[in-house]
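Reader: I would like a close look at one part of this protein, taken slowly and set in the context of the rest of the chain. Please give the cut-offs for your terms as you go.

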Amino acid sequence: MRQGAARHALIERGNDFIETPGCATEALIRTGELERFGDGWIWEPAAGRGAISAALKEAGFRVISEDLVRYDGAHCFVDPGLDFLLQTQRKCDAIVTNPPYKLGDQFIRHGLSLGLPVIVLLRLMAIEGAGRSDIMAQCRRIYAGIERLPFMRREGWTGPRHSNSGAPFGWFVFEPGDNRAGPIELRRISWRAE
């Protein structure tokens, strides 16, 4: 049985935009992880329509929302046309994003190269792989979902609709600096509202 690892060809995936369900960001907020940034700015560089940013703003965080593409129905606070991987200046105190899957490792590496903590929503299988050992050495915590997230569909998806994701997800917290591989703290969180 496949556990959500099947993927379509890159050409079929386009910009790889998959909107983040609100419950995922709300669960991250409940962990208290973001409170360590106080009243600092959070950067959402793959904002899409602004789902993560909207939830963060509603919780009282200050957010810079950008994306390479302007999506129909995007919140007015999302600035399009900005390629995160070409940014050279630090704009905030932390990055929180659900990057395009095909660019996930690049987003994490780039954020860390800017000297920023990077918090990303990834499939839990992201912990595997020799090709990402450098970034996993800087992963400090993983908030793994107890339940599966509601099914997240790639923009333009016309295939079958399921009630939940075929793969387990979690929020991965990466911190720049000492990259010696060490223990990663694993915490379980519920995607459901408390």
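Which residues are buried in helix H2 (residues 22-31)?

Author: Some ground rules come before the helix. This is a predicted model, in which local features need pLDDT of at least 70 and side-chain atom pairs count only at pLDDT 80 or more, whereas totals for chains, interfaces and linings use all residues. Residues are numbered from 1 along each chain as its sequence is written, and side-chain values use heavy atoms, with hydrogens and water left out.

In helix H2, the buried residues are Cys23, Ala24, Thr25, Ala27, Leu28 and Ile29. Buried here means under 20% relative accessible area, exposed means over 50%, and partly exposed lies in between, with a 1.4 Å probe and protein chains only. Helices (H or I, at least four residues) and strands (E, at least two) are DSSP runs, numbered from the N terminus. The cover over the buried residues of H2 includes helix H3 (51-58), together with strand E4 (94-97), strand E5 (118-123), strand E7 (169-174) and strand E8 (185-189). After H2 comes Gly32, with a positive phi near 85°.

Helix H3, one of the elements covering H2, has buried residues of its own, namely Ile52, Ser53, Ala55 and Leu56. Seen down the axis of H3, these residues fall within an arc of 165°, so they line one face of the helix; the arc is that of the directions from the helix axis to the C-beta atoms. An α-helix has 3.6 residues a turn, so residues three or four places apart point the same way. The buried residues of H3 pack against H2, strand E1 (41-44), strand E2 (62-66), E4 and E7, where contact means heavy atoms within 4.5 Å. H3, like H2, is followed by a glycine with positive phi: Gly60, near 100°.

The two helices belong to a protein chain with five helices and eight strands, which follow the pattern α-α-β-α-β-β-β-α-β-α-β-β-β along the sequence. Of its 194 residues, 47% count as buried, and among contacts between residues at least 6 apart in sequence, 68% join residues at least 24 apart.

Strand E7, which helps to cover H2, also takes part in a ring pair, since Phe169 lies in E7 and its partner Tyr101 lies in the loop between E4 and H4, 68 residues apart. Rings of Phe, Tyr and Trp (its six-membered ring) pair if their centres lie within 6.5 Å, with planes under 30 degrees apart counted as stacked, over 60 as edge-to-face and the rest as tilted. Tyr101 and Phe169 are both buried. Arg123 lies over the face of Tyr101, at 4.5 Å from the ring centre, and Lys57 lies over the face of Phe77, at 4.8 Å from the ring centre; a charge sits over a ring if NZ of Lys or CZ of Arg is within 6 Å of the ring centre and within 35 degrees of the ring normal.

Ring pairs also link Trp43, Phe84 and Phe107 into a cluster, and both Phe84 and Phe107 are buried.

As for the cysteines, Cys23 is among the buried residues of H2, and Cys92 counts as buried at 6% relative accessibility, whereas Cys76, at 75%, counts as exposed. The whole structure holds zero disulfides, a disulfide being a pair of cysteine sulfur atoms within 2.5 Å.
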